[in-house]
Amino acid sequence: MSKSKPKTPSSLKESKVSLRVRPAQKAVIARAAQLRGTSLSQFMLEHAYEAAQEVLAEQVDIVMPPAEWEAFCKALDAPPRSIPALKKLLTHASVFDGQGKATAR
């Protein structure tokens, strides 16, 4: 019976990714990594991983129980409710309108 060697943190990294970047791009990324107090590789990995998670999250289906789905659909189908403060905001002139008056749509 053979003993397996315990995994060290470096042995857990099984694959390598290489990139070709322009010198100016590398300089900017390296400077950012330096400001964060991390290595270039770790900085790139962390930020690429975060960006990938955001892209994947945009593609995930939203799952909810049937009762919540019904309530959600009902809210979408309901006529808009009147909000006096919002109506006032959209019909009165603001500092961005100058001397003119805003119009409601």
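Good morning. Read along its sequence, the protein chain before us follows the pattern α-α-α-α. That comes to four helices and zero strands, where helices (H or I, at least four residues) and strands (E, at least two) are DSSP runs numbered from the N terminus. This is a predicted model, in which local features need pLDDT of at least 70 and side-chain atom pairs count only at pLDDT 80 or more, while totals for chains, interfaces and linings use all residues. Residues are numbered from 1 along each chain as its sequence is written, and side-chain values use heavy atoms, with hydrogens and water left out.

Let us begin with the chain as a whole. Of its 105 residues, 4% count as buried; buried means under 20% relative accessible area, exposed over 50%, and partly exposed in between (1.4 Å probe, protein chains only). The protein chain exposes about 10700 Å², and carbon and sulfur atoms supply 60% of that area.

I turn now to the helices. Helix α1 covers residues 23-36, and its end C-alpha atoms are 20 Å apart, in agreement with the span expected for 14 residues. The expected span is 1.5 Å times one less than the number of residues. After α1 comes G37, whose phi is positive, near 70°.

Helix α3, residues 66-77, reaches 16 Å from its first C-alpha to its last, close to the 16 Å expected. How many of the 12 residues of α3 are buried? The number is zero, so α3 lies largely in the open.

Finally, the surface patches. Patches are made of residues with over 30% relative accessible area and no salt bridge (a side-chain nitrogen of Lys or Arg within 4 Å of a carboxyl oxygen of Asp or Glu). Like charges are joined within 9 Å, and nonpolar side chains within 5 Å.

E46, E50, E54 and E58 gather in a patch of negative charge. E46 lies in helix α2, residues 40-58, and is partly exposed, with a relative accessible area of 35%. An α-helix has 3.6 residues a turn, so residues three or four places apart point the same way.

The nonpolar patch consists of I83, L86, L89 and L90, with about 370 Å² of accessible area together. L89 is found in helix α4, residues 84-91, and counts as exposed at 60% relative accessibility. Thank you.

Technical notes
Accessible areas come from the Shrake-Rupley method with a 1.4 Å probe; for residues, only the protein chains shown count as cover. Lys and Arg count as positive and Asp and Glu as negative; His and the chain ends are not counted. The place of a charge is taken as NZ of Lys, CZ of Arg, CG of Asp or CD of Glu.
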